[in-house]
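Open the model in your viewer and keep the selection tool at hand. This tour goes stop by stop, saying what to select and what is there.

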Amino acid sequence: MEQHISSQMTQVQLHTFNNGTEVREHHLIIRVTDAARTLNYADQLRLVMETFENTRKQLAAKTVFKRYFLSDAANQADELMAYELESPEYAVSIVQQAPANGAKVALWAILMTCVSTRALASGLYEVSHGDYRQLWTASCTNLAKDSERQTKLLLNEYVMRLISEGCTLEANCVRTWFFVNDIDNNYAGVVKARNDVFVTQGLTDKTHFIASTGIGGRQANPRMLSLMDACAVSPLQPGQVGYLYAADHLNRTSDYGVSFERGAYVDYGDRRHVFISGTARIDNKGEIVYRGDIRRQCRRMWDNVEALLSEADCSFDDVNAIVCYLRDPADYEVVRQLFDEKFGGHGDHPATPYLLVNAAVCRPGWLIEMECMATRDASTDYPQF
């Protein structure tokens, strides 16, 4: 079920997965409308918070994960955390990736019904139901000397947190995000650190990597060069996680020295969760196509994502939410029109929640990148979620 709810000041885009079990999943994106873009940050934030809380109560659901997209984290993050410190039972991600419509704040949130949530002593956040635990972490940073050392410390600390919960990076982590301050200069250090740590954890091109996004994003403190969010699932049986390649459209990331999977899925007894990594407009040789042409790059990006979804027996109709990154803010109006035409809901195709933000992609020639999550019905021998 997809639903768009608009007021004069905010718009809620809601996708609900409901297969008849007690665990319904909701993804919602809250945007400030054009009518409210001239309000100051405090008022925009209040509108987003009130809209979220009203929607959560209507859904009668628990918050699983939140990501806030800010236009100026150095001046905005503290005020935001004054709200969130009262609710420590879920992971909160905060990143400076300005909403591309000119607003100061936007929100993507995941909610579920009939789950339990709590903060763990390990620093992870647990979402549990039946036999399963999702373990989330968000806004992990440190102040080591450079992006390589910061990322290495982030990953090593995350490995130890997983171990304390009876998990490993190789067996249980299904999704990561890395937000890189000044990505044109600092991404190489993030890549090297990830490659080095992954080898120590048994993650190679002969085994598997992890679905991931590496994208430009600033934190409140400019010395923080690498921020990490992640999600793990426990317990998982061999074969319960699958990896997506779409080899006719995309090459392996290891071909150009980067260690992440194009996508991954987790099968449960009643549903399949699909994680599509940050995906750009490249071909199956890893080459940038349609240089300088935002429209054609956007359509090729969709083709690549659709091929990955198809490999998981999904389509865009199964997508819960999309986050799309624009390198050049001047491309917003063109991309908004393209996204509205494709995902705005027309005919038999329901609307899909999406958010456009300003964030530099890791190669200058890539003008646009997107990620998404999807859920579909499944019937397997694994326990239900």
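What follows is a walk through strands, a pocket, a cavity and a few single residues of a predicted model.

**Stop 1: strand 10 and its neighbours**

Select residues 173-180. This is strand 10, and 8 of its 8 residues are buried. Which strands pair with strand 10? Add residues 226-234 to the selection. They form strand 12, which runs antiparallel to strand 10 and is joined to it by 7 bridges. Look for Thr 176 here: its bridge partner in strand 12 is Ala 230.

Now add residues 211-216. This is strand 11, which pairs with strand 10 in the parallel sense over 6 bridges. For a marker on this pairing, label Trp 177 and Thr 213, which stand opposite each other.

Next, bring in residues 183-200. They are helix 5, which together with strand 10 and strand 11 makes a right-handed β-α-β unit. Follow the chain from strand 10 through helix 5 to strand 11 to see that unit.

**Stop 2: the turn into helix 5**

Select Asp 182. It sits in the loop between strand 10 and helix 5. Its phi is near 55 degrees, a positive value in a residue other than glycine. Most residues other than glycine have a negative phi. Is Asp 182 buried, partly exposed or exposed? Its relative accessibility is 41%, so it counts as partly exposed; the range for that class lies between 20% and 50%.

**Stop 3: strand 9**

Select residues 132-140, which are strand 9. Of its 9 residues, 8 are buried. Add residues 125-129 for strand 8, which runs antiparallel to strand 9 with 5 bridges between them. His 129 and Tyr 132 stand opposite each other across this pairing. The hairpin of these two strands has 2 residues between the strands. Pick out Gly 130 there: its phi is positive, near 60 degrees.

Strand 9 also pairs with strand 12. The two run antiparallel, and 6 bridges join them. Label Arg 133 and look across to strand 12, where Ser 234 stands opposite. Strand 12 thus appears at two stops, paired with strand 10 and with strand 9.

**Stop 4: a cis peptide bond**

Stay with Ser 234 and step on to Pro 235. A cis peptide bond joins the two, with omega about -10 degrees. Most peptide bonds are trans. Pro 235 lies in the loop between strand 12 and strand 13, residues 241-244.

**Stop 5: the largest pocket**

Select Met 81, Val 92, Ile 94, Ala 138 and Ser 139. How much space lies in the largest pocket? The figure is about 460 Å³. The pocket is lined by 25 residues, and the five you selected are the closest to its centre.

Which elements each supply at least two residues of the lining? They are helix 2 (73-84), strand 5 (91-96) and strand 9. Helix 2 gives the most, with 5 residues. Colour the lining by residue type: 15 are nonpolar, 7 polar and 3 charged.

**Stop 6: the largest cavity**

The model holds 4 cavities of 30 Å³ or more. The largest cavity has about 70 Å³ of space. To find it, select Glu 25, His 27, Gln 134, His 273 and Met 373, which lie nearest its centre among 13 lining residues. Strands 3 (25-32), 6 (105-112), 9, 15 (271-279) and 18 (368-377) each give two or more residues to the lining. By type, this lining divides into 7 nonpolar, 5 polar and 1 charged.

**Stop 7: Gln 13**

Select residues 10-17 for strand 2 and find Gln 13 in it. Why does Gln 13 count as buried? Because its relative accessibility is 1%, and the cut-off for buried is under 20%. Now show Tyr 354. Its backbone nitrogen lies 3.2 Å from a polar atom of the side chain of Gln 13.

**Stop 8: Asp 313**

Finish at Asp 313, in the loop between helix 6 (294-311) and strand 16 (319-326). Its phi is positive, about 60 degrees, although it is not a glycine. At 53% relative accessibility, Asp 313 counts as exposed, because that class begins over 50%.

Technical notes:
Residues are numbered from 1 along each chain as its sequence is written. This is a predicted model: local features need pLDDT of at least 70, side-chain atom pairs count only at pLDDT 80 or more; totals for chains, interfaces and linings use all residues. Side-chain values use heavy atoms; hydrogens and water are left out. Buried means under 20% relative accessible area, exposed over 50%, partly exposed in between (1.4 Å probe, protein chains only). Helices (H or I, at least four residues) and strands (E, at least two) are DSSP runs, numbered from the N terminus. Two strands pair if DSSP finds at least two bridges between them. A crossover is right-handed if, with the strands pointing away from the viewer, the path from the first strand over the helix to the second runs clockwise. On a 1 Å grid over the protein atoms alone, a cavity is a set of points where a 1.4 Å probe fits but cannot get out, and a pocket is an open set with protein on both sides within 12 Å along at least five of seven lines; lining residues have an atom within 4 Å of a point. Grid points are joined across faces, edges and corners, and a volume is the space filled by probe spheres set on the points. Ala, Val, Leu, Ile, Met, Phe, Trp, Tyr, Cys and Pro count as nonpolar, Asp, Glu, Lys and Arg as charged, and the others, Gly among them, as polar. A polar contact is a pair of N or O atoms within 3.5 Å; within protein, one must be able to donate a hydrogen and the other to accept it, and residues adjacent in sequence count only if both atoms are side-chain atoms.
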